[in-house]
Every structure is written in C-alpha cells, then in structure tokens.
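Reader: I'd like to go through the labels people put on a model like this, and see what stands behind each one. Can you take me through them?

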Amino acid sequence: MELAPNESVTGTGAMAGLAAMRADVSALTGRHPEHVFRSLSETLNRWAADGIDTEPFHAGVETAERRYAGYGLTTMLPLDRVLVGCESSRAGAFGGFHHPDQGYRHLQMAAVITMYGPMERRNPERPALALLDLLRAYAHDCLHYGSRRRYVEVAGMPVRTQYGINYRRATGQSYSAADRSGSNHTRNLGIVMEGACDKEARSITRQTAEQLGVTEPSDTLGALTFRDVTGTLTDEDVLCVADVPESGEQARYVSALSGYEMGVNRRYAHFLAEFTPGEESECHRRILTAIITGHVTELGVWLDERHGPGTFTGLFRTRGYFEPALTV
C-alpha cells in the first residue's frame, strides 16, 4: 500500500484498513452523486484541449514545489489522487474551494475538489479565476497530504494519533479543545494548522496571479473570490457578504467563504500577531516545518524564548488529555 510522505502505520489490521479505503475512493465521490468526477490530470488535459490556458495552475505548482521543499516536503499530492467535479446534473450547482464536503481526506489519501463557478458544464465559465481557485485548493491539500501522520491499530482499524503538531490519544482524548463560538482568536491546533496551510496556499496563488498578470474581476462575486484565493479579503468584504446580489448556491458559497475567513484565516492571523508580533512570517515558517516533520521541539523552544517555559503545552493542551479513559 502506498503511504503519504510522512505517514507511519502500526499494526497489520490498521495497514489493511487503510489499504482498503485507499483502493476505492467512491465513498468520497458518492457524497456528490450529481457531479461527474475526473482526475486532476485528466481535467487539465480536457481544458487545455478545449483551448483554455492552464499555465496559471502549472506555474503555481512549480512555485509550491520550491517553497514546500524548504519545509521538508519534496513530494506533492499525485494528480491522480485529486478528483475534480463538474458537469453537474443539479440545477444551479456552484463549485469552488468552499463547496460543501470537499478537500483532502487522509484515510483515503485523496482530495475532492469542484470546478469554481457554475457546474452544469464541462469547462469553467471564468477560466482564469477557476484555475486560481484550483491552484489554491491543490496547494492547500498538498500540505495536508505531506503532513506528519501516525496511525495505530485499535480493534483492527486505523486510528490517527498524530497529525502534524496535533495529537489524539487512541482512547479518543483530543490534545486541544475547540475554540468558543464567535471567538476571534484560537487555542486550537486544528485551526492553527488549517490556517497555516491556507495562508501558504493563498500566498502562492497571489504570487502566481501577480506574475502572470491575472487581475481582479469587476463584478462583486468575482472580486470576492479573487480576493479570497489570493488572501487579500478586507474587513469590509467579510462584513458585507450579505450584500452580494446572488441567490441559491452562490449565496451559500459566499456565506461559506465568509465563515471560513473568520473561523480559520482571521483566527490564525490573530494568533501570529498575538504571540510573535513583528515575527509573524518566521513563526509561520516554523509552524509549517513542524507540521510537515511532526517535530515540535524547535518550535517549542522558539516560543519559550519569547514567552517562557512550556508555552506550546500551556497554549494548547487541555486539562483532560491525560485523564484515564472510561471503562465499561
């Protein structure tokens, strides 16, 4: 069975369980029965054959490969493990990064992505914007794919006990607790890692758009999407999404965009500014390196130098993490 670059599995039952899930990813595409899914490589080839310039995606991936190597990730998510949905039979279907129930799924070692924009068609309505959205999603999912993961066998099945710098005991206790609803800060490692991956993906997308001269659309929804994929959303953008003149799935898409920005990206940015003012970029780099390698020692020492001993544990570990598991 093929493993992702930084995965390890303990137990023959866990290995067999992962192998079975990775051999058949229909459970992922089956959640979207109206959409037609093809591999990312096939999708790009079809678009190119139809006259669409796919250079923004390819150029962005080259940038990602160089940057990710600096964090210790030298293998990108294989294109045949990325499934892109389009040609939907659902009236009004609207896809993109914020489409429901998509992204990288570690058990199947596969990513589900949808074509940005109206999905009742073979090709994107707005190719340049759709390719930037695709780049952001792929660059994001490559970091999830390359993150350190450790699985152990519990009752014959694989249980993930480490993901990047986050942990979960085999008995179910989570290392860090969920943030309070509506909070503008975070003490949750899942949010920190998701925010770090998306900050990097959007930075790569922004750099690609600038290099290739892809400009922001003039309409409201197009402008919001462009600012979202390039990480340039303003406070006014997030607060005024209710004023976007869209309905149905487009309105839900914009709402999801706003929720993700506030619940993930803004919380991560606040975390960096809160604990490493003036050194946000360096902290971000160290967090990504730790996510890929799974080693938190150097990150912890770096934070301790600024805030005192035990900063990482004090910030993130819940009181109940080492409490005995309940027995029947």
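Author: Sure. Arg 227 counts as partly exposed, with a relative accessibility of 23%. Keep in mind that this is a predicted model.

Reader: What makes 23% partly exposed for Arg 227?

Author: Buried means under 20% and exposed means over 50%, with partly exposed in between. Arg 227 comes out at 23%, so the middle label applies.

Reader: And Asp 237, is that buried or exposed?

Author: Buried: the relative accessible area of Asp 237 is 9%, and the cut-off for buried is under 20%.

Reader: How do you know that Arg 227 forms a salt bridge with Asp 237?

Author: The closest N and O atoms of Arg 227 and Asp 237 are 2.7 Å apart. The test asks for a side-chain nitrogen of Lys or Arg within 4 Å of a carboxyl oxygen of Asp or Glu, so this pair passes. Arg 227 sits in helix 7 and Asp 237 in helix 8, so the bridge ties together parts 10 residues apart in sequence.

Reader: Why is the contact between Glu 261 and Arg 202 called a salt bridge?

Author: Same test, really: the N to O distance is 3.2 Å, and the limit is 4 Å. This pair links distant parts of the chain, with Glu 261 in helix 9 and Arg 202 in helix 6, 59 residues apart.

Reader: What makes Glu 261 buried?

Author: Glu 261 has 4% relative accessibility, and under 20% is what the label takes. Arg 202, at 7%, counts as buried too.

Reader: Which residues are linked with Arg 202 in a network of salt bridges?

Author: Arg 136, Asp 198, Asp 228, Asp 235, Glu 261 and Arg 266 are linked with Arg 202 in that network. The structure holds 26 salt bridges.

Reader: What about Arg 286 and Glu 282, how far apart are the closest N and O atoms?

Author: They are 2.8 Å apart, and the pair forms a salt bridge. Both residues lie in helix 10, 4 residues apart, or about one turn of the helix. Arg 286 is partly exposed at 23%, and Glu 282 is partly exposed at 28%.

Reader: Back to Arg 202: which pocket has that residue near its centre?

Author: The second largest pocket, which 16 residues line; Arg 202 is one of those nearest its centre, along with Lys 199, Gly 231, Asn 265 and Ala 269. Helix 9 gives the most to the lining, with 6 residues.

Terms used
Residues numbered from 1 in each chain as written. Predicted model: local features only at pLDDT ≥ 70, side-chain atom pairs only at ≥ 80, totals over all residues. Heavy atoms only, no water. 1 Å grid on protein atoms, 1.4 Å probe; cavity = no way out; pocket = protein on both sides within 12 Å on 5 of 7 lines; lining within 4 Å. Helix = DSSP H or I, 4+ residues; strand = E, 2+ residues; numbered from the N terminus. Buried < 20%, exposed > 50% of the residue type's maximum accessible area, 1.4 Å probe, protein only.
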